[in-house]
Amino acid sequence: MKNIKVIAFDADDTLWVNEPYFLEAEQKFCALLEDYLPHHSVSQELFKTEMQNLSLYGYGVKSFMLCMIETVLRVTNNTANPEILHKTIQYGQELLNKPIELLDDVKEVLEALKGKYRLVVATKGDLLDQERKLSKSGLATYFHHIEIMSDKKEKDYEKLLKHLDCKPEHFLMLGNSLKSDVMPVLEIGGHAVHIPYHTTWAHEQIDHTLEHDNFYQVKALAEILPQLL
Ligand SMILES: [Mg+2]
């Protein structure tokens with residue numbers, strides 16, 4: 001990793017807790033519909049709705065809320081009590097108001113890398129929500145640039161690198177998703193570090209192992225420091 005100039009961090013479940021909050025909301029949502037379908041089936045229905053709408057809505061809490069509402073109407077065959085819809089919207093709003101819980105070593109790692117590299121955030125999700133989370137996190141001052149991306153495919157990273165005026169071989173991405181944070185970056189010639197989080201959204205899961213000269217796997221964020229300092 002000798003030639004790295006720009007280090008980009010994924011945000012959700014890399015800098016701070018995210019997926020557990022979605023899972024918690026989903027559990028409450030499934031309980032809300034337990035008179036209609038078992039938990040597991042509601043969960044499957046919700047995931048199906050999310051996948052159907054992903055290209056229309058993109059990622060983030062507001063998309064999740066619209067998908068929960070659509071799932072309520074489908075599961076209840078359009079007979080849902082308005083109280084169910086009211087609670088569904090409330091669960092989404094609670095997600096938007098969750099406190100920011102930084103993951104281990106995040107501040108120390110940013111502090112150690114500050115001034116030595118250009119540090120960037122590269123995240124998916126709702127623009128306003130991600131901006132609010134970054135502001136609440138107290139981490140904004142560490143970063144040269146914040147990129148809130150509609151998706152994390154090869155073309156999205158190419159756009160980011162062009163904007164940063166950075167060659168792929170000088171770019172390192174760190175994140176918890178092999179599918180979004182690692183594979184597309186390796187594909188365009190960049191470097192990537194995978195830091196697994198204990199829970200991963202089904203959509204982000206891949207079922208094969210990865211081997212690549214520019215790929216590094218660590219168990220915790222702080223493990224990257226000896227490679228970079
Ligand atoms: Mg993530």
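The paragraphs below lead from the overall form of this protein to the pairing of some of its strands. The structure is a predicted model, and the values given here are computed from that model.

Looking first at the chain as a whole, one can count nine helices and six strands in its secondary structure. The radius of gyration is 19 Å, which is close to the 17 Å that the globule rule gives for 229 residues, and the protein is therefore as compact as a globular protein of that length. Taken along the principal axes, the box that the C-alpha atoms fill comes to roughly 60 × 35 × 30 Å.

The next topic is how the residues are placed within this form. Of the 229 residues in the protein, 31% are buried. Among the contacts with a separation of 6 or more, 69% are between residues that lie 24 or more positions apart.

From here the reader can turn to the strands towards the end of the numbering, beginning with E4, which covers residues 171–175. Strand E4 runs parallel to strand E5, residues 191–194, and four bridges join the two; within this pairing, leucine 172 has histidine 191 of E5 as its bridge partner. To pass from E4 to E5, the chain goes through helix H8, residues 178–187, and the β-α-β crossover made in this way is right-handed.

Strand E5 also pairs with strand E6, residues 215–217, to which it runs parallel and is joined by three bridges. In this second pairing, the bridge partner of valine 193 is tyrosine 216, a residue of E6. Strand E5 is thus joined by bridges both to E4 and to E6.

Terms used:
Residues are numbered from 1 along each chain as its sequence is written. This is a predicted model: local features need pLDDT of at least 70, side-chain atom pairs count only at pLDDT 80 or more; totals for chains, interfaces and linings use all residues. The radius of gyration is taken over C-alpha atoms; the globule rule is 2.2 Å times the number of residues to the power 0.38. A residue is buried if 20 or more other C-beta atoms lie within 10 Å of its own, exposed if 12 or fewer, and partly exposed in between; C-beta atoms are placed from the backbone. Two residues are in contact if their C-beta atoms, placed from the backbone, lie within 7 Å. Two strands pair if DSSP finds at least two bridges between them. A crossover is right-handed if, with the strands pointing away from the viewer, the path from the first strand over the helix to the second runs clockwise.
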